[in-house]
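Let's take a walk through this structure, one helix and a couple of backbone oddities at a time. Have the view open and follow along.

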Amino acid sequence: MRVAIAGAGNVGRSIAQELIDNGHQVMLIERQPKMLRPDRVPAAEWVLADACELTSLEEANVAGCDVVVAATGDDKTNLVLSLLAKTEFAVPRVVARVNRAENEWLFTEQWGVDVAVSKPRVMAALVEEAVTVGDLVRLMTFRQGEANLVEITLPPTAPYVGQPIHAVPLPRDAALVAILRGKRVLVPSPDDPIEAGDELIFVCTAEVEDAVRAVILGPDSVERTRGSR
């Protein structure tokens, strides 16, 4: 893919290096000359420009990018870039960084954002994931809430512990995509048994999260977990 990243701070550079390591072409856009440090990510294309200016984005050929990442430390800049990338340049995928939690509600499809990444939300999810057993934890949201990445760590009392995956009656619009077992990452196959302590990673719609919880943890788990909050 060809990816444009606005903001060459620590976040932008880290994303750029990771994408380059995975074989993608990356262009870093930065408006502050002092932040222009090509030696930090030498394999990236560096552009000194204001990502909120239409002419700058045209000169950088943002229209030729598969993905635009708005990764600056300013939410207003990230929103403006997202809107321009989607409406003026028809970029297929726009990912935006949310710096302040109170602004998260703005990062929607109306502003051209396909995926909003909120650091406070991600950190909270990681804390929950680390300490929660026997409940569903939402790790990430895709496509403005149409689908979520969720995790359930199986307690020994879960109804399908010891049974193969094909015996688990998951609802429609839910898929088990990975099992974390100790230090191993397992790609689920129908005959694999699930074990107590497994971290099950699902992609599902928000509407079926309670159904997934009820199947994996038992029919009374939804009311039980709600009552404990």
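Start with what helix 1 leans on: its buried residues pack against strand 1 (2-6), strand 2 (25-30) and strand 3 (45-48). Keep in mind that this is a predicted model. The residues doing that packing are G12, R13, A16, L19 and I20, which make up the buried set of helix 1. Look down the helix axis and you'll see these buried residues fall within an arc of 130°, so they line one face of helix 1. Swing around to the other side of helix 1, and there N10 and D21 are exposed.

As for the helix itself, helix 1 covers residues 10-21, twelve residues in total. From first C-alpha to last it reaches 16 Å, close to the 16 Å expected at 1.5 Å a residue. Just after helix 1 comes G23, with a positive phi of about 90°.

Now for the backbone oddities. Most residues other than glycine have a negative phi. So which way does N61 go, positive or negative? Phi of N61 is positive, near 55°, and N61 isn't a glycine. You'll find N61 in the loop between helix 2 (54-59) and strand 4 (67-70), where N61 counts as partly exposed because its relative accessibility is 42%.

Further along, A90 is another non-glycine residue with a positive phi, near 50°. A90 sits in the loop between helix 3 (75-87) and strand 5 (93-98). With a relative accessible area of 58%, A90 is over the 50% cut-off, so A90 counts as exposed.

Definitions and conventions:
Residues numbered from 1 in each chain as written. Predicted model: local features only at pLDDT ≥ 70, side-chain atom pairs only at ≥ 80, totals over all residues. Heavy atoms only, no water. Helix = DSSP H or I, 4+ residues; strand = E, 2+ residues; numbered from the N terminus. Buried < 20%, exposed > 50% of the residue type's maximum accessible area, 1.4 Å probe, protein only. Expected span 1.5 Å × (residues − 1). Arc of directions from axis to C-beta. Contact = heavy atoms within 4.5 Å.
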